Amino acid sequence: MADIKAADVAKLRKMTGAGMMDCKGALQEADGDFDRAQDIIREKGKLVAAKRADRETTEGQVIAKVSADGKKGIVIALGTETDFVAANEDFKGLAQKIAEVALENMPADVDALKAINVDGTSIEEQITQMTGKTGEKHSLAYYGKIEGEYVSSYIHMNNKLAVVVAFNKVISVEAGKDIAMQVASMSPVSVAKEDCPAEVVEKELQIAREQVMQEGKPENMVEKIAQGKLGKFFKDSTLMEQAFIKDGKISVADYLKSVDADAKVLGFRRFSLND
């Protein structure tokens with residue numbers, strides 16, 4: 001067995017980010033071969049990931065980023081099992097790296113983001129390596145992107161919730177943040193009732209119909225009352241119709257009109273680890 005020096009262990013630790021004992025063990029198993037030792041560290045990460053595959057990743061880092069020109073935005077969520085690991089600087093650094101890669105490349109979906117190669121290693125493999133280092137399951141829980149003439153972002157202070165909102169034109173930073181905070185706080189299902197997903201509308205209508213029938217209302221009144229309940233759902237759950245959180249007397253649509261009559265919200269992306 002090769003004589004494993006402390007300097008060699010430190011070198012491998014710098015190369016992989018793994019713990020000192022893991023690095024020493026890998027070098028001993030690899031008989032001092034650094035390339036093989038790195039493979040062993042990676043394999044250990046995959047083994048840990050497989051063992052913890054059924055664990056829930058309810059903690060982590062949710063990050064929103066906007067491009068320098070203000071026209072592109074992304075949200076990513078890197079999940080882990082405990083808030084202790086979520087606060088770890090290496091874990092936070094990996095989350096930031098993934099966010100930067102996502103913004104630079106704007107990949108089509110989560111799988112495409114995982115496949116991107118950075119510094120000779122895919123994002124997916126880097127997440128697996130972090131799993132081996134911390135001993136906890138990590139997952140790329142969410143990736144969403146958006147584009148517009150102006151994109152605003154908001155990250156809740158505990159980094160468990162983040163939002164990006166796209167507009168059809170440049171508006172004030174304050175107004176953009178107000179709308180992003182609205183999305184963060186009120187979690188709308190869509191921008192307006194017109195683009196509310198059909199399956200959501202039908203589900204709400206069905207719930208409303210069942211409620212009305214249970215209340216014993218005449219059968220010929222069921223659909224009319226259900227449509228009224230659907231209208232209330234749109235008011236509570238679509239961004240433009242919601243009451244503005246900073247002034248409950250007006251809607252978000254009214255607020256945006258007061259900022260700029262021609263401004264429109266094109267879309268948003270929101271993710272929370274607590275939802």
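Is Lys 160 buried or exposed in this structure? Lys 160 is buried, its relative accessible area being 19%, which falls under the 20% cut-off for that class. The model described here is a predicted one, and this briefing introduces its salt bridges, one open sheet with the helix that lies across it, and the surroundings of Gln 126.

**Salt bridges between separate parts of the chain**

- The structure holds 10 salt bridges, and one of them is formed by the side chains of Lys 160 and Glu 59, with a distance of 2.7 Å from N to O.
- Lys 160 is placed in the loop between strand 6 (150-155) and strand 7 (161-167), whereas Glu 59 belongs to strand 1 (residues 59-66), so this salt bridge ties together parts that are 101 residues apart in sequence.
- Glu 59, the partner of Lys 160 in this salt bridge, is buried as well, with a relative accessible area of 17%.
- A salt bridge also links Asp 119 with Lys 97, where the closest N and O atoms are 4.0 Å apart.
- Because Asp 119 lies in the loop between strand 3 (117-118) and strand 4 (121-122) while Lys 97 lies in helix 5, this pair ties together parts that are 22 residues apart in sequence.
- With regard to accessibility, Asp 119 counts as exposed at 68%, while Lys 97 is partly exposed, with a relative accessible area of 27%.
- Elsewhere, Glu 202, Arg 209 and Glu 223 are joined into one network by salt bridges that share partners.

**A salt bridge within helix 5**

- The side chains of Lys 92 and Glu 89 meet in a salt bridge, at 3.1 Å from N to O.
- Both residues belong to helix 5 (residues 89-105), and because they are three residues apart there, about one helical turn separates Lys 92 from Glu 89.
- Glu 89 counts as exposed, at 56% relative accessibility, whereas Lys 92 is partly exposed, with a relative accessible area of 26%.

**The open sheet and helix 5**

- Three strands make up an open sheet in the order 1-2-5, and their pairing is antiparallel.
- Strand 1 and strand 5 (139-147) are the edge strands of this sheet, since each of them pairs on one side only.
- From one strand to the next, the twist of the sheet averages 10 degrees.
- In general, the strands of a sheet pair through backbone hydrogen bonds, in either a parallel or an antiparallel manner.
- Strand 2 (residues 72-80) and strand 5 run antiparallel and are joined by eight bridges, and Ala 77 has Tyr 142 in strand 5 as its bridge partner.
- Helix 5 lies across strand 1, strand 2 and strand 5, and its direction is at about 150 degrees to strand 2.

**Gln 126 and its surroundings**

- Gln 126 is part of helix 7 (residues 123-134), and with 10% relative accessibility this residue counts as buried.
- The side chain of Gln 126 reaches the backbone oxygen of Val 118, at 3.0 Å.
- When residues up to four places away in sequence are left aside, Gln 126 touches Leu 94, Lys 97, Val 118 and Thr 121.
- Lys 97 therefore appears in two settings, as a residue in contact with Gln 126 and, from its place in helix 5, as the salt-bridge partner of Asp 119.

Conventions: Residues numbered from 1 in each chain as written. Predicted model: local features only at pLDDT ≥ 70, side-chain atom pairs only at ≥ 80, totals over all residues. Heavy atoms only, no water. Helix = DSSP H or I, 4+ residues; strand = E, 2+ residues; numbered from the N terminus. Buried < 20%, exposed > 50% of the residue type's maximum accessible area, 1.4 Å probe, protein only. Polar contact = N/O pair within 3.5 Å; in protein donor to acceptor, adjacent residues only side chain to side chain. Contact = heavy atoms within 4.5 Å. Pairing = 2+ DSSP bridges. Axes fitted to C-alpha atoms, helices over the stretch in contact; angles between N-to-C directions.
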